[in-house]
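Student: I would like to learn how to read a structure of this kind. Please take me through it one feature at a time.

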2 protein chains.
Amino acid sequence: MAVTSPNLLKPSYPVAGSQASAEPAQFSEALSAWAEAIGAAYVDVASPILDRYGRTTGPRAARPLAVLHPDSTAQVQQIVKIAGRFGIGIHPISRGKNWGYGDAAPTCANQVLVDLGRMNRIVELNSKLGYVVLEPGVTQKQLYDYLQEHAPDWWMDVTGAGLETSIIGNTLDRGFGHTRYGDHSLTTCGLEVVLGDGRLLKTGLGHYENARANRAYRHGVGPNLEGLFTQSNFGIVTQMGIYLMPTPEAFSAFFIAAPRESDLPELIDELAKLRMQGLLQSAIHIANDLRAISGRMRYPWDRAGQTTPLPADLRRALRNECAVGAWNVCGAISGTKSTVAGTQRALQRALPNHRIIFLNDRKIQVAERMTRLLRKLGLCKTLASRLEIVKPVYGLLKGIPSNEPLRGASWRVRDAEPQHPTDPLDCNAGLMWIAPILPADGPIAAAAVSMMEPIYQKHGFDTLLTLTFVTERALCCVSNISFDRRRPDEVTRAQECYRELTERLMKSGSILYRSSPQTMKTLAIGSSGFWDVSASIKQALDPQGILSRGRYEPAA
Amino acid sequence: MAVTSPNLLKPSYPVAGSQASAEPAQFSEALSAWAEAIGAAYVDVASPILDRYGRTTGPRAARPLAVLHPDSTAQVQQIVKIAGRFGIGIHPISRGKNWGYGDAAPTCANQVLVDLGRMNRIVELNSKLGYVVLEPGVTQKQLYDYLQEHAPDWWMDVTGAGLETSIIGNTLDRGFGHTRYGDHSLTTCGLEVVLGDGRLLKTGLGHYENARANRAYRHGVGPNLEGLFTQSNFGIVTQMGIYLMPTPEAFSAFFIAAPRESDLPELIDELAKLRMQGLLQSAIHIANDLRAISGRMRYPWDRAGQTTPLPADLRRALRNECAVGAWNVCGAISGTKSTVAGTQRALQRALPNHRIIFLNDRKIQVAERMTRLLRKLGLCKTLASRLEIVKPVYGLLKGIPSNEPLRGASWRVRDAEPQHPTDPLDCNAGLMWIAPILPADGPIAAAAVSMMEPIYQKHGFDTLLTLTFVTERALCCVSNISFDRRRPDEVTRAQECYRELTERLMKSGSILYRSSPQTMKTLAIGSSGFWDVSASIKQALDPQGILSRGRYEPAA
C-alpha cells in the first residue's frame, strides 16, 4: 500500500475498468439532472467542499466527485434513479462521522456522496411502547434533547462517539453502546430503504398499510430482511425505528479497577456467567489502562523523551497518577431497588477479590460535594481524579451522550490539548480502529489481546483497547492505532501496523467485527461461500452496482 | 375454495402452467439420479407412504410426488442439484410436525419432499458459552435428554408442540417458547444452508475457517443473512446453532387466573411495562379460558346437547369446574434468590388486584404431597385440578418438553380422549391456526380479540386463544379453529371461518405472524414493495424456483 498524501486525490471522473463511472460530459448531464431533482443549491461541486468531505483520520481517503443533499425519501429515490441512468456510483452518509472507519469518504474513488444530513426529522414517537422513528441526519444529542422535552420517561442508548454522530449511521455499521439496549442491531424496528434499483422497501411489518404491530414486532412475516442493510451496500436507509428503555425505578452503575493485567480472564469469565444468566443485562466495557488514560490526557511526549511506544515504567506511573487499573470495567444494573441490590451482591460474590464501586445519582452528588471540599483542603486527589474519569462514563451508562470520549482519538497528536474535545478531523488525529470479535471466554480473549499488544509496540504504537460485552457471549475488542497525521513516518508505520494486525487477526480466526475502507478486501481471508452469496443479493437489489462500491465487497 | 377430500390428490406429475415440473419420463430419470446419490432405499414412491406424508390437520394438503431421505449436507446438495437439472420442485421438512400450519405436506402440488429426519445429530456442544449445533432431525426430547446427560447445567427453551417436533423446523417458522430465550429467532447462532442453486452458505462467522467467535457472535461481519432463512423458501437449513441458558440459581414460575374478560387490557399493559424494564424476561403466555380448558378435556358434546359453539353458561360452568380464569397468565422469573423475590414483589405491586401464584420446585413437591393427602380425604378438588393444569406448563417454563399441550388440538374430535396425548394426525384432529401479531398495548390487543371471537362463534367454533409476549413489545395472538376432520360440514365451515378471519385480520392491520399453505396469498393483502423484493432475493438464491414453491410467496 502506497502512502498518499491526504486530500490530494484529484477529482478524476472516469477511471478505466471501474464500474459505474461516467464520461465527463455525461457527468455534467447527471449533475444537471440531480440539480433539477433536488435543487441546484443542494448539489456541491466546489473544490473546498469536496476536499472537506474527503478528509480522513486514516492514511488516505477517496475524494468524492460531488455531494448531493436530498431532503426526502422521494429525492433519494430520484438521486438513485439518475445515478443508475448515468452509471455513476453514489455513496450515502448520514452525518459523516465514521471516524477511524473511513470517515465521510466513500470506500473507492469516483463516487458521488449523498449526504443525508438534511433529513434529520424525528418522524414518530410512541411513548407507550417506547420507540422513535428517525431519519439518518438525527444525531445522538438531537434525540437526547428531544426525549428530555417530549418523553422524559424514556432512555436511549448512546455510543461514545459524541453528540453530533448519526444514530442510524452508527447502527447500520453495527455499532453498540452502553446500556441494556447496547446491541443496536437488536433495537431497530423497521427500516425504510431505497434499494440500488430505486425501489422502496419497508422491513418488518412496515410494508403493510396500518399494521397494528408495526415497530412493536421486528421480525415481520416472511423472510426477515432487516439484517441485510447493516454493513452492506444494498440500499440507502432513509428511516429507522429504534427502541427506547423506560427509565428504571432503580439504577446503579458499577466500576472495577482491576490492578493486574492477569486479572482479565477471570473478569471475562465471571461477567459472562452473569450476562448469560440475565442478571447483568447492559453492555459491559473493560478498558485497558491506556484506553482509560487516553480519555484524560494526550501522549506525554516530554516525559517519554519523545520516544514511542510508551515506556513500561511511565505507563505504570500514569496508571497510578490517573488512578486507573490494568483493566477498568464499567456496566449498569437497572430494576427495582431490591433487584438492583440483589444483582450488586451477585456481582460482588462473583468477583470476591475485586473492589466494586457502585454509583447512583445520589452517590455522585455526595462525592462531588466531598471532592469540592477535599480539593479546597488539598486532599484526596485520587477521588477527584476517579470522579473525573467516571462522570462522562456514568452518563453514557444512562444514555446521556457526551463528547468527552472523543479526547482519546487524539492521544498521539503533538499539540496542546484543547479544553473541549473536538472533531478528530479538525485536530490532525490519526485513527485506525482494529476491532476483532472474540468469544466471551477469558483465556481465548486474553490470548488474542496478548497477540495484539507486541505488534502495536513493534511499530511504535500504544495499545488502546476496550473489550465490550456486546452480547451475552461475545466481546468486541476495540483497539486503535493512534497517530499524528502530519507525520509521514507515523502514517507509514500506522499502515504497516494496521496491515500486520488485521492480517494476523483474520488468519488466526479473530475476525474483524467491522471494516474500514482499507480492510474490505481483508474480509475475504479464510472465508468461503458467504461473500459470493452476498454478491448475488447485491446483484438482485442493485443490479448496476450503483451504491457504495467496495463497501463490504471483499471479492469485488 | 373447494373442499377436497384429504389424501385423495392423485400423484400427478406434470401440471400445465406449473413451474418446476417434469414429464413422467424425466421424473423417472430424476428418481434414478436421486437413488444413485442417496441410495435407493432412501427414495420413497410407495403410495401408502406418500399418502402418509400428505396427511394434514387442515382441510386439504398436497400429496408429495416422492420422498427423499438424505443423511448429510452433501447429499442435500446433490438432491438440490438433481432437482435443478430436471426442474422438479422439492420441499424440505425436518420432522414434518408443522401441525395446523400445513403439517408435513408441501405448499403446492407437484413437489418432492426432502425429509431431513435422518439428519438428527447433535453436532457440537459448548458447555462454557452455552450452545449446541443441531441438525434438522433433532427433536425437543432428543436435545432435552442429551442435555440431561451431557450438560445438566444448561436449559433449553421448548415450545408446547410436544416431544417429537424438530427444533430447527420450529425455529425456521419463527416459533417461540416459554423462557427467557422464548423468541427463537434471537437464539440461533449460525446456520448452514444449501441454497436453491446448490451453493453452501454458512451465516454468522461460520464461513470463516476457525473463527474464534463463531456461534458466540451471531451478526457476523457484512450483511446479516440469518434472517433470510426464517419463513422463506431460499434454502434448506442443514445445521443450526442455538443458545442455551445456564440453570438459574433461583427460579419461580408465576400464574394468574384473572376472573373477568375485561381484565385483559390491564394485564397486558402492566406486564408490558415489566417486560420493557427487563424485570420480566421470559415469554409470558395469557391463555383464555377455553385454551386452558382444552388442555384438560375435549368438547363436552353431551352437555352441550351436540350443539356448537359452546353455550355461554356451560363455558362459565367449565371455567369453575376446571378452576381456570377468563385469562390465565404464566411466565417465569429467574435470577438469584433475592432478585427473584424482588421481581415477584414488583409483579404483585403492578397487579395489586390479582392473586399471583408463585411456584418453584419445592412448592410443587409440597403441593403434590398435600394433594395426594387431600384426595384421599376427598377434599380440595380445586387444588388438585389446578396442579394438574399447572404441572406440564411449569415444566415448559423450565425448558422441559411435554406432549400434554397436544391434547388441545383434538378439542372438537368426537371420540373418547386417549389416555396419552397423540399426534393430531393420528386422531382426526382438524386444526387451523390463526395467529395475528399485535402490539403489547392492552386496548389495541383486546379490541383485536373482540373482533375475532364473534367470527369464530358465527361459524360454530370456539375461540381457543393465547396471547404471548414473544418480545418486550409484541403479542402473538395464537388462536385456532378446532374441528373434526371426518365431518365434511365442519371442514367446510372451518374453511369459511378461516377465510373470513384471516381476511378481516389482514385488512384491519392485524397481520398474521405465520402462514399456512392456505394463507400464503393472503399475505399480500395491504402490502406494498416487500414481497417483490423478497422475490428478487429468491431469484438470486434459487433462480430455477426449485425450493418449496409457494411458501411465503404471496405474489407468485
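The dialogue below goes from the relation of the chains to their contact, then to domains, sheets, a helix and one residue.

Student: What should I keep in mind before starting?

Tutor: This is a predicted model. Everything said below is computed from it.

Student: What relation superposes chain B on chain A?

Tutor: With two copies, look for the rotation and the shift that bring one onto the other. Here a rotation of 180 degrees, with 0.0 Å of shift along its axis, places chain B on chain A with an RMSD of 0.0 Å. That is how a two-fold axis relates copies.

Student: Which residue of chain B comes closest to the rotation axis?

Tutor: B:T339 does, with its C-alpha at 2.2 Å. The two copies also use the same surface, as 100% of the contact residues of chain B recur in chain A.

Student: How many residues are in contact between the chains?

Tutor: Count each side separately. On chain B there are 81 residues in contact with 81 residues of chain A.

Student: Which elements of chain B give two or more residues to that side?

Tutor: They are the strands β9 (200-202), β14 (327-335) and β17 (437-439), and the helices α6 (264-276), α9 (337-350) and α14 (530-541), of chain B. α14(B) gives the most, with eight residues.

Student: How do the residues of the side of chain B that touches chain A divide by character?

Tutor: There are 36 nonpolar, 32 polar and 13 charged residues on that side of chain B.

Student: Which domains is chain A divided into?

Tutor: A domain need not be one continuous stretch, so read the bounds with care. Domain 1 of chain A takes in 1-118 + 520-556, domain 2 covers 122-246 and domain 3 covers 250-517.

Student: How many residues of domain 1 of chain A are in contact with domain 3 of chain A?

Tutor: Domain 1 of chain A puts 19 residues in contact with 25 residues of domain 3 of chain A. The side belonging to domain 1 of chain A holds ten nonpolar, seven polar and two charged residues. Between the centres of these two domains, taken over C-alpha atoms, there are 34 Å.

Student: In what order do the four strands of the open sheet in chain A lie?

Tutor: For a sheet, read the order of the strands across it, then ask which ones stand at the edges. In chain A the order is β1-β2-β4-β3, with mixed pairing. β1 (43-44) and β3 of chain A are the edge strands; each has a single partner strand, so one side of each has no neighbour in the sheet.

Student: How does β3(A) pair with β4(A)?

Tutor: The two strands run parallel and are joined by five bridges. Among the partners, A:G89 is matched with A:Q111 and A:I90 with A:V112.

Student: Is β3(A), an edge strand, buried or exposed?

Tutor: An edge in the sheet and exposure are separate matters. Five of the five residues of β3(A), residues 89-93, are buried, so the strand is largely enclosed by the rest of the structure. A:G89, A:H91 and A:I93 point one way, while A:I90 and A:P92 point the other way.

Student: What does the open sheet of chain B look like?

Tutor: Its four strands also follow the order β1-β2-β4-β3, and the pairing is mixed. β1 (43-44) and β3 (89-93) of chain B are at the edges. Five bridges link β3(B) with β4(B), which run parallel, and B:P92 has B:V114 as its bridge partner.

Student: How far does helix α6 of chain A reach, from its first C-alpha to its last?

Tutor: Compare the span with the value expected at 1.5 Å a residue. The 13 residues of α6(A) reach 18 Å, close to the expected 18 Å. In α6(B) the end C-alpha atoms are also 18 Å apart, in agreement with the expected span.

Student: Which residues of α6(A) are buried?

Tutor: A:L264, A:L267, A:I268, A:L271, A:A272, A:L274, A:R275 and A:M276 are. Just after the helix, A:G278 has a positive phi of about 80 degrees. After α6(B), B:G278 likewise has a positive phi, near 80 degrees.

Student: Why does A:Q495 count as buried?

Tutor: Count the C-beta neighbours inside 10 Å; a residue with 20 or more is buried. A:Q495 has 21, so it counts as buried. A:Q495 lies in helix α13 (residues 488-507) of chain A. Its C-alpha is 9.3 Å from that of A:Q518, 23 residues apart along the chain.

How values were computed:
Residues numbered from 1 in each chain as written. Chains lettered and ligands numbered in written order. Predicted model: local features only at pLDDT ≥ 70, side-chain atom pairs only at ≥ 80, totals over all residues. Contact = placed C-beta atoms within 7 Å. Nonpolar A, V, L, I, M, F, W, Y, C, P; charged D, E, K, R; others polar. Buried ≥ 20, exposed ≤ 12 C-beta atoms within 10 Å, placed from the backbone. Pairing = 2+ DSSP bridges. Least-squares fit on C-alpha atoms with pLDDT ≥ 70 in both. Expected span 1.5 Å × (residues − 1).
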